[in-house]
Amino acid sequence: MYKLSIDAMSGDLGSSIVVEACSAFIKDHADVELHVTGKKEELEKLTHHERIQIVDARDVVPMDAGIMSVRRKKESSMVKAVTLANDGIVDGVVSCGSTGAFYTSAMLFLKRIEGVEKSCLMAMLPTYNKKGVVLLDVGANAENTAEQLKDFAIMGHVYAKNIRGIQKPKVALLNIGSEAKKGDEVHQQTYQLLEEDKMINFVGNIEGRDILLGEVDVIVTDGFSGNIALKTCEGAAS
């Protein structure tokens with residue numbers, strides 16, 4: 001039985017949309033138990049589900065919350081949802097609140113996996129060939145070292161292989177050209193590190209215009225460039 005904590009209060013649309021989503025989700029997933037954090041009076045419609053537990057949380061982290069406000073709001077639905085994971089009660093956490101606040105609460109209360117110097121944000125993008133592509137980092141870090149980008153490549157590889165079921169994921173580095181010597185010193189160093197790592201199926205650089213083709217499974221970049229790429233795709237699609 002998988003167990004997930006759900007932050008019901010932090011999103012733009014409040015708790016009602018989360019209640020609706022949880023009710024629909026639990027009907028289609030018999031192997032999941034939900035721990036929903038939020039104001040219990042707003043979550044009353046979920047109380048009749050035997051695989052949904054309500055965790056009362058009287059505070060809310062606003063969408064414009066900064067780092068310090070997360071520290072102060074330990075009774076918030078977001079922090080309580082993350083704490084459930086830290087305590088080993090749940091296997092994963094879902095929130096539609098502030099990305100920065102959610103990232104901060106994870107860093108404060110969950111920490112990073114041993115050996116990972118910097119964590120990152122990952123996005124799954126649709127592609128023309130319907131395969132989809134993993135893009136990381138998409139905004140957690142403004143800049144990264146070559147070693148950190150290599151870590152992102154490893155994490156993307158593991159996700160694509162174990163979650164998406166791709167036996168030998170193709171990993172590419174987002175750059176301003178396909179040639180090995182393109183880009184600044186960090187990207188050239190990253191290219192060399194990835195090329196030397198035999199665990200990763202590194203296929204070289206990829207340019208921004210090719211992100212949505214679906215010819216690779218994982219695209220690695222720093223958070224600054226990744227966030228621009230992500231929002232450019234969103235804007236073009238809109």
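**Exercise 1. One face of α6**

Task: Compare the end-to-end reach of α6 with the span expected for its twelve residues, and find which of its residues are buried.

Solution: Let's start with the length. Helix α6 has twelve residues and reaches 17 Å from its first C-alpha to its last, close to the 16 Å expected at 1.5 Å a residue. Keep in mind as you work that this is a predicted model.

Next, look for burial, taking under 20% relative accessible area as the cut-off. In α6, H187, T190, Y191 and L194 are buried. They cover an arc of only 105° around the axis, so they sit on the same side of α6. The general reason is worth recalling: an α-helix has 3.6 residues a turn, so residues three or four places apart point the same way.

Now turn the helix around. The face away from the buried side carries the exposed residues E185 and E196.

Finally, ask what covers the buried residues of α6. The cover includes α5, β7 (170-174) and β8.

**Exercise 2. How α5 meets α6**

Task: Describe the packing of α5 on α6 by angle and axis distance, then give the hand of the crossing and the residues in contact.

Solution: Two numbers describe a pair of packed helices: the angle between their axes and the distance between the axes. For α5 (residues 146-162) and α6 (residues 185-196), the angle is about 45° and the axes are 8 Å apart. That makes α5 oblique to α6.

The crossing of these two helices, α5 and α6, is right-handed. On the α5 side, the contact is made by A146, E147, L149, K150 and A153. Their partners in α6 are V186, Q189, T190, L193 and L194. Two of these names should look familiar from the first exercise: T190 and L194 are among the buried residues of α6.

**Exercise 3. A second helix pair**

Task: Repeat the analysis for α3 and α4.

Solution: The axes of α3 (residues 77-86) and α4 come within 10 Å, and they cross at roughly 35°. Here α3 passes α4 in a right-handed crossing. At the contact, α3 offers M78, V79, V82 and N86, which meet A101, F102, S105, A106 and F109 of α4.

**Exercise 4. The two sides of α1**

Task: Sort residues of α1 into buried and exposed, and say what the buried ones pack against.

Solution: Begin with the helix itself. Running over residues 15-28, α1 has 14 residues and reaches 20 Å from first C-alpha to last, close to the expected 20 Å.

The buried residues are S15, V18, V19, C22, S23 and I26. Seen down the axis of α1, they fall within an arc of 135°, so they line one face of the helix. On the other side of α1, S16, E20, K27 and D28 are exposed.

What lies against the buried face? The buried residues of α1 pack against three strands: β1 (2-7), β2 (32-38) and β3 (52-56).

**Exercise 5. Backbone oddities in the loops**

Task: Find the cis peptide bond, and locate K111 and K130, two residues with positive phi.

Solution: A reminder helps first: most residues other than glycine have a negative phi, and most peptide bonds are trans.

The cis bond joins L136 and D137, with omega about 5°. D137 is in the loop between β6 (133-136) and α5.

For K111, phi is near 70°. K111 is placed in the loop between α4 (99-109) and β5 (122-125), and counts as exposed because its relative accessibility is 55%.

K130 has a phi of about 75° and is found in the loop between β5 and β6. With a relative accessible area of 76%, K130 is exposed too.

**Exercise 6. Two loop residues and their contacts**

Task: Place L213 and K168, and list their contacts beyond four places in sequence.

Solution: L213 is in the loop between β8 (201-206) and β9 (218-220). At 29% relative accessibility, L213 counts as partly exposed. Leaving aside neighbours within four places, L213 is in contact with T127, Y128 and N129. As for P126, it is 87 residues from L213 in sequence, yet their C-alpha atoms are 8.9 Å apart.

K168 is in the loop between α5 and β7 and is exposed, at 62% relative accessible area. Under the rule on sequence neighbours, K168 touches N201 and D217. By contrast, V116 is 52 residues from K168 in sequence and 22 Å away in space, C-alpha to C-alpha.

Definitions and conventions. Residues numbered from 1 in each chain as written. Predicted model: local features only at pLDDT ≥ 70, side-chain atom pairs only at ≥ 80, totals over all residues. Heavy atoms only, no water. Helix = DSSP H or I, 4+ residues; strand = E, 2+ residues; numbered from the N terminus. Expected span 1.5 Å × (residues − 1). Buried < 20%, exposed > 50% of the residue type's maximum accessible area, 1.4 Å probe, protein only. Arc of directions from axis to C-beta. Contact = heavy atoms within 4.5 Å. Axes fitted to C-alpha atoms, helices over the stretch in contact; angles between N-to-C directions. Parallel < 35°, antiparallel > 145°, perpendicular 65-115°, else oblique. Left-handed = near helix turned anticlockwise from the far one by under 90°.
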